[in-house]
Amino acid sequence: MYSFEIESPVSVADAVAALGKEEAQALGGGQTLIPSLKARLAAPAVLVSLSKIDEIKGISAADGVLSIGGGATHASVAAEAGAYPALAALAANIGDPAVRNRGTIGGSLANNDPAACYPAAALASGATIVTNTREIAADDYFEGMFTTALEDGEIVTEVRFPIPEKAAYVKFEQPASRFALVGVFVAKYPDGVRVAVTGASEEGVFRWEEAEAALSGNFSASALDGLSLPAEGMMGDLHAAPDYRAHLVGVMTRRAVTAAQ
Amino acid sequence: MPKDHGIGAAQKRREDVRFLTGAGQYTDDISVYGQTYCAFLRSDVAHGTIKSIDTSDAEAMPGVLRIFTGKDFEGIGGLPCGWQVTDKHGEPMKEPGHPVLAQGKVRHVGDPFAAVIAETLEEARDAAEAIVYDIEELPAVVNMKAALEEGAVKVHDDLSDNLCYDWQFGSDQADVDKAFAEAAHVTTLELVNNRLVANPMEPRVALGEYNRANDESTLYTTSQNPHVIRLLMGAFVLGIPEHKLRVVAPDVGGGFGTKIFHYAEEAFVTFASRQLNRPVKWTSTRSEAFMSDAHGRDHVTKIELALDAENNFTGLRTDTLANMGAYLSTFSSSIPTWLHGTLMAGNYKTPAIQVNVKAVFTNTVPVDAYRGAGRPEATFQLERLVDKAARELGVDPIALRRQNFIDSFPYATPVAVEYDTGDYVATMDKLEEMIDRQGFEARREESRKRGKLRGLGVNCYIEACGIAPSNLVGQLGARAGLYDAATVRVNATGSISVMVGAHSHGQGHETAFPQVVAEMLGIDESMIDIVHGDTSKIPFGMGTYGSRSLAVCGSAMVRATEKIINKAKKIASHLLEAAEADIELKDGQFTVAGTDKSVAWGDVTLAAYVPHNYPLEEIEPGLEETAFYDPSNFTYPSGAYACEVEVDPETGRVEILSFAAADDFGNVVNPMIVEGQVHGGIAQGIGQAMLENCVYDENGQLLSASYMDYAMPRAEDVPFFQVDHSCATPCTHNPLGVKGCGEAGAIGSPPAVVNAVLDALNAGGMTVDHIDMPLSPHRVWKAMQG
Ligand SMILES: Cc1cc2nc3c(=O)[nH]c(=O)nc-3n(C[C@H](O)[C@H](O)[C@H](O)COP(=O)(O)OP(=O)(O)OC[C@H]3O[C@@H](n4cnc5c(N)ncnc54)[C@H](O)[C@@H]3O)c2cc1C
C-alpha cells in the first residue's frame, strides 16, 4: 500500500466536496479497492470513505419499486430486500461473510467487474442507478468491463429496482474466486422478460435478447430450445474457454427460468 | 473402554488452546530491538539478462539503510541441493549455481535480484520500486518437452542443456522387455500430475539478528527443520560455524513440505543483519509466496502395464518428465527418483518394473517436496493405470487389484525396497464394508433419475515413511543423515522436558509425544512438555517431513526414555535397598517385585538431583538422557480409498458425495490426531484432483498467481470423511510399531476421485479414458463432448 489520507464524511454533500480533491477516490466496502491498494495497483492520495453516510444505506419498497442505498452492504440487502427475493438471494451468495458485511451495492456497480453479480440484477431488472447528480437507466449505465457511465467523483447513492412478477439468478461459480463464471438473471415483468448475463462476455454484462424474446412469449425453459450463443466474444481464461461459457449461458438461463417459476 | 491416557488415547491437542486463542508465537510475531525491514525486488520476466541495476535514487529515499544486489554475494556460496542423483550413465546430475540474489540472469518470475533494507516496511517497498534496472528479456522455456528439444533455450548457459539427469531404476531391461513381449494385454496411459502451490496458511517469514558481543547470529524462520537450515546455511552458504549460529523455528502455521527447504530469503536476512549490525525481517506477501515458495508435483508420465492371460500383472514401465524449475531446491532431485521410483510396485506383486525419469530445468519456480513428495505421483500413475486396465479388460477394478495384491511379508519389490508388514486384503475388505458397495448400483440408479451421473472410484496406496537408514540413503546420494534425536530431561520434582529434533507445525507432537513417555513411565501427560524448534535447545535432529516424526524421532524418544528408566531403577534399588533386577516400574511407582515396598517417581527424581542418599560412586547424579535413532528401514503405511461422485452432465460439475479411507498406520498413539491428519491429507488430495492448478503461460508468466485464480479446497468442496485405521499391522523394526500418517491422505486420494469421475462418465455411456487433474467443470465437460 502507498500512503494516503482518509476522510470519513457523514453526508453525500461532504463526500462530493471531499472527492473534489486532487487524486481522491471513493471507498465503499473496500472489498475490491483495498486488495488493489495492498497490491500497489492503485495510488489515490485521498480516500473518501462512504461508510459513515447513513443517508445512502436505506432499503425500502414502495409502489412496486425496491430502493437500495448505494452504501447498503450485501449482508443488509440479503436480510432486508425481502420484497425482491431473487435479489436478496443474489446478495446472500456474494463472496463470504466478511465480503458481504463490508462490500456495498454502490461499490459493486461502480466497479462493474465483468464477473460480478449485481450488474446482472440491475440490467435484468431495468434498474435506475441514482447518483448525486442524476438518474441513469441500467441500459445506459454499463459500458463494458470495469467501465460505467459514472463521471469522476460521482457517487452511486441509490439503486431502484422495479420488482418483477418472477425472477431468479443462477450463478455458476468460477472455482477459485467464486465470482460468476457465468451468471444469469432472469426477470419477468408484465411488459416482457429481461435476461442479463454476467461473467461471460468480453464486453461485460449484457442482455440476451433472443432469449428475452422467446421467454416473453412463453416463460418456460422449453421456450429456449434451440437457442444458443456463439462462442465468439465470450471470455476465455484459465477456468473456461469461450465455447464452454457460451454453453453455460444456455444452461444457466434455462435453470434460472425454471427456478423463477 | 477407550483409554484416556497414554498410547492410544484420543486426547485433544494441547497446542490448540494457544492456536485457537491467538496466543501462538509465529515468526512474524517475533520482533526484536532495532529491527529493520526488507523488501525484495523480484523479476517480472521469466528469463532475462541483467544489464544494469541503478540503486542510487532508491538509496537516497527516506529510511533506506542499504540496498543489496547479486554483486554483494559474489564469493559467497549459493543455495545447495541436499541430494545428488546419479544418472543412468553413472554421471552426477547437473547442479547449476543458485545465488542468493540473481547474478547476471534472472530465471523465473519471482527470482529476487535486489533487496532493500529500510527502517519501515513501506519505506523498503517504496525504495524497491525506485530501483532503476534494465533486464533484457530472453525467450523462456516453460514446457518440459520443449526444454529437452535440440537447440532449446537454455535456463543455465553454463550447462550443456536443460536435462538435469536421466535416471533409470528397477528390474533388468531384459526382464521388463520379456514381460511386455509376452503380455496378453498391455494398458498404456499418459498423464500429468498437476503442479501445485502448497499455500500454508502462514506465509514464509525470516528474521536475522546478529549479536556483535559474541559474534553470534540468530535466524528466526518458518521452517520444518531448524537444524537442517543451520547446517545448510552455515556450512554451505554463509560460512558461519554452527556454534555461532542459532536457528529458531517457533510456531509454524503449516508447512506441507514447502518449509523444509533452505531459501534465499533466510540466507539474505542473516547475511544482511551481519553487514548492517541491525536485525532484518522479511515477511512474504501471499503474492510473493506464489512465486517464491517451492512448488510441488509437475510430472508428465507415460506408463504401461503388461498383463498375462489370467490378468496377472507381469511388467510395468514408466517414462516421466519431472520439472525442477529454474534451480535445484534443497531436496528437489530426490523426489522424482528415490521417493517416487521406489514406490512404483504399489500394493502389487508385479515382478518386472522399470522406472525412467528425466528431470528438466525450466524458467519456472523451483519444484520440490509437497505433502507426499513423489509418492502421490507414483500412486496416481499406478492406480489410474490399473483402473484403465480393468475397464479395457472388462473386469471389476477391485477384483483386479485383489488378484495382484502382495500377500506375504516381508516382500522385496523389484524397485529396491522391502515392505516389512501390511495386509492389503484387510484394508480392502474394510473399505468395501465402509462404502456399502452392494448398494452402489441402486444409488447410481437414483442419481440417474435426477439426471446425474454417479460414479465410484477406488484405489490402493502404499507409501514409504521415515526415509532411512542413513548409510543407505548416503549411497543413494543424500548429503545428510536421516536419523533423529531426543533428549529426555527429568527435573528434580519429576516433571519432564523432552527436547526433540522433530518439528511440529500442525502434527500435534506436543500432545502425542508426551502420551508415549507417560505410558512408559506411568505418569500423567501433564507432567511432560515437548521442546522443539530451537537449535540452541534441542539435540541435532533432522526435523519433520515424510511422515517421519513419530517413527524416527519418537523412536529416539523411546530409547532415551528407556535409558531414563534404567537409571531411575538403579536409584530406586538404592533407595529401596533391593536388587536392581527386582525393581518394577508401574503407574509411576518403583516397586520391589513381590513386595509392597515402593518408592514414587518423584522421590527417585528428587534423589537424582538432591543426591544425599545416593550411590554416587556407581552413578552420576541427575536424570537426563539423549538418544539418536537411525531406523533400519522405511515404514510402509498402506490402505484402500474410495470416492463417490455425481457429475452434472450439462455442466461437467463434479460433486464429491462421499470419501472413505481404510488405512494401516500400524500402532496409533493418538487416534484423534491421526484422523485429523487423514482428513487434512484427503482435503489436499481432493484439492489436487478437483481444484488446484499452478499454470504458466508460454512466456513463463504465472497465471494462477493469487486466490482469484488458484483454487484452494474449501469446507464445502469436501464431504464428511469416513476414516478407519483398525487394520493395523505394526511396523516390525521400530520400538513403537508405528508407521506414519501425515501424508497418506494426500497420497491416496487423488486417484480415487479421478477413477470415480471416469466411472460416472463411462457408465453414463461415454468413452473417456482419462482426464487430467484438476477435474474442473470445463475439463469434464470437454471430455464429455468427446
Ligand atoms: C473474496 C471476495 C469474493 C467476492 N465474491 C464476489 C461475488 O461472488 N460476486 C460479486 O458480485 N462480487 C464479489 N466480490 C466483490 C464484492 O462484491 C465487492 O464488495 C464489490 O465488488 C465492491 O464493493 P465495495 O463496496 O467493497 O467497493 P470498494 O472496493 O470500496 O470500491 C470499488 C470501486 O467502487 C468505487 N466506489 C465504491 N463505492 C462507490 C459508490 N457508492 N459510488 C461510486 N463509486 C463507488 C470505488 O472508488 C472503487 O473504484 C468479492 C470480493 C471478494 C474480496
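The following exercises, each with a worked solution, treat selected features of a predicted model.

Residues are numbered from 1 along each chain as its sequence is written, and chains are lettered from A and ligands numbered from 1 in the order in which they are written. In this predicted model, local features need pLDDT of at least 70 and side-chain atom pairs count only at pLDDT 80 or more, whereas totals for chains, interfaces and linings use all residues; side-chain values use heavy atoms, with hydrogens and water left out.

**Exercise 1. A sheet in chain B**

Determine the strand order of the open sheet of three strands in chain B, and state which strands stand at its edges.

Solution. Begin with the order, which is β22-β23-β24 with antiparallel pairing. Strands (E, at least two residues) and helices (H or I, at least four) are DSSP runs numbered from the N terminus, and two strands pair if DSSP finds at least two bridges between them. Next, consider the edges: β22 (583-586) and β24 (598-600) of chain B each have a single partner strand, so one side of each is left without a neighbour in the sheet. From one strand to the next, the twist averages 20°. Then examine one pair: β22(B) and β23(B), the latter spanning residues 589-592, are joined by four bridges. Within β23(B), Phe590(B) is the residue opposite Leu585(B). Finally, helix α16 (residues 601-609) of chain B lies across β23 and β24, at about 70° to β24(B). That angle is taken on a scale from 0 to 180 degrees between N-to-C directions, with axes fitted to C-alpha atoms, for helices over the stretch in contact (contact: heavy atoms within 4.5 Å).

**Exercise 2. A hairpin in chain A**

Describe how β9(A) and β10(A) are joined, and decide whether β9(A) is mostly covered.

Solution. Strand β9 (residues 166-173) and strand β10 (residues 180-189) of chain A run antiparallel and share eight bridges. Val170(A) faces Val184(A) across this pair, standing opposite it. The two strands form a hairpin with six residues between them, and in the turn Arg178(A) has a positive phi of about 65°. As for cover, six of the eight residues of β9(A) are buried, that is, under 20% relative accessible area, where over 50% is exposed and values in between are partly exposed (1.4 Å probe, protein chains only).

**Exercise 3. Two unusual backbone positions**

Locate Asp215(B) and Asp298(B), and establish for each whether it is buried or partly exposed.

Solution. Most residues other than glycine have a negative phi. Asp215(B) has a positive phi near 60° and lies in the loop between β9 (205-211) and β10 (216-221) of chain B. With a relative accessible area of 33%, Asp215(B) is partly exposed. Asp298(B) also has a positive phi, near 65°, and its place is the loop between α8 and β13 (299-307) of chain B. Asp298(B) is buried, since its relative accessible area is 12%.

**Exercise 4. The loop between α18 and α19 of chain B**

Identify the cis peptide bond that leads to Pro774(B), and list the contacts of Ser776(B).

Solution. The bond from Met773(B) to Pro774(B) is cis, with omega near -5°. Pro774(B) is in the loop between α18 and α19. Ser776(B) is found in that loop too, with α18 spanning 744-763 and α19 spanning 777-784. Leaving aside residues up to four places away in sequence, Ser776(B) touches Gly652(B) and Met690(B). Ser776(B) is buried, at a relative accessible area of 15%.
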